[in-house]
Structure formats: C-alpha cells, structure tokens
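Look at the chain below and follow the description from one end towards the other. The paragraphs take up a helical span, then a sheet, then a core.

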Amino acid sequence: MKKLFILLMILAAVCFVGVWIYQTQRLKKNAQAEIGKGQVVMNWGLIILFVIGLVGAFATPRDKTSAPAEHHPANEHATKVSKAQSSSESAAAASSSSSQSASSSSATSSSASSSSSSQLQVDFPTDVSLNKTGDATVSFKAPANTQFEIKDSNNNVVTTLNGNAQGADQTYNFKKPGKYHVTAHNGDQTIDKDLTVRGIGQ
C-alpha cells in the first residue's frame, strides 16, 4: 500500500512539472494568453494528488518483516553467540596489539639510551680570541685514539690531529680569526662541532 502512495506522489509531481513547463512556455510566447479554468483545475488536482501520496507514504505503517524471526529462536541464539565470540576475539587482538606496541616502544627507548650513552664525548672551547701575539691555542680533550679534522669556513682542511693510545690532550694553535668546523672520529663514532676564533681583543 505504501508503494502505491509513493507511485501516486511521483506521478503527480511529474505531471505537475510537465504542465507547469508547458504553461510557462505558452505564456512566454503569448503574454496576453489567459489561463483557462480547466488548467487551474488540473493544477490543483495534481497538487492534491501529490499531497495525498505524500501523506499516505508517511502515514502508512511499515510491513512487519521481523515476524518470521520469532519462529527461529535457535538462529537468534547462534547469532548472539557468534557476536560474543567475535567481540572477545577483537578484545584479545587489541590487547595483543597494545602489548606489542609497548614492547616495541620499550625496545626503541632502550636502543636510544644505549646509543646516547655510547656517543663520542669530546671537550674543547668553541669560542676563543687571538692573543696579542696573534695566536689562539685550543686544547682538545677526547678518548684515546680520537682523530680531529679541522676545516675553515670554505670547507678546506686546516689540519688533522691524530689521536694517541694514552688519550692525552691534543692542541692546535690557530693563527687566523674565523669560523671553523671540527669533526672528531673514533672508530665508527663521529661528532661535529663548530669553533669560532675571534680577532685580537674581540
């Protein structure tokens, strides 16, 4: 019954749109043309049919399609059991995923901690000035067998300091002010630092 009302509403709407387009074109061609009583009655009739179809479509109760399900309680029970099993499996999968994420983050943090603790440690002043004689002696402190490579601002190698097995401090006497880049190597460990040498009295 509801489908019949919907069909009536659609047909009335289509007919009304067609009649309205026809009347509009007719008035454009002849502005003095009069709308007859028959056209008025047709318009109102289509509107009334559309309203009847609309009200009937919404007022008609839906067909009860869930009645046959009442005769199959076993199927309902099986469906509930299946849903419960799927929900428990989902919870187990979520718990496993969270535990894996926690173990992965723990491994990452421990790896980062070990890499930071094994990072090459060097010590030297990064901002010095030339003395009155035009010299600036810098002492480089680092573990044994650490090699220092010093480059100027043009990326030219100024000098290379080879480390020693005793781990004694290494020194270099800078003669020119400017910005230098110091790279320390020890095995597979490398660290970079910048060093600024200022002019006399600066």
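Residues 5-22 are 100% helix and 0% strand, and the end C-alpha atoms of this span lie 26 Å apart. Helices (H or I, at least four residues) and strands (E, at least two) are DSSP runs, numbered from the N terminus. The UniProt record, an unreviewed entry, places the feature "transmembrane region" at residues 5-22 and 42-60. UniProt positions are given in the numbering used here, feature names are shortened, and such annotations may be inferred rather than shown by experiment.

This is a predicted model, in which local features need pLDDT of at least 70 and side-chain atom pairs count only at pLDDT 80 or more, while totals for chains, interfaces and linings use all residues. Residues are numbered from 1 along each chain as its sequence is written, and side-chain values use heavy atoms, with hydrogens and water left out.

Now turn to the sheet. Five strands form an open sheet with mixed pairing, in the order β1-β7-β6-β3-β4. The edge strands, β1 (127-129) and β4 (157-161), each pair on one side only. Two strands pair if DSSP finds at least two bridges between them. Strands of a sheet pair through backbone hydrogen bonds, either parallel or antiparallel.

β3 runs antiparallel to β6, with five bridges, and antiparallel to β4, with four. Within these pairs, E149 stands opposite T183 in β6, and K151 stands opposite V157 in β4. β3 and β4 form a hairpin with five residues between them, and N155 in the turn has a positive phi of about 65°.

Which side chains of β3 are buried? F148 and I150, which point to one face, are buried, while Q147, E149 and K151 point to the other and are not. Buried means under 20% relative accessible area, exposed over 50%, and partly exposed in between (1.4 Å probe, protein chains only).

The largest nonpolar core has 19 residues, and F148 is among those with the most contacts inside it, as are F140 and F174. β2 (136-140), β3 (147-151), β6 and β7 (189-198) each supply at least two residues of this core. A nonpolar core is a set of buried Ala, Val, Leu, Ile, Met, Phe, Trp, Tyr and Cys residues joined through side-chain atoms within 4.5 Å.

Finally, N186 lies in strand β6 (residues 178-186) and stands opposite Q189 in β7. β6 and β7 pair in the antiparallel sense over nine bridges.
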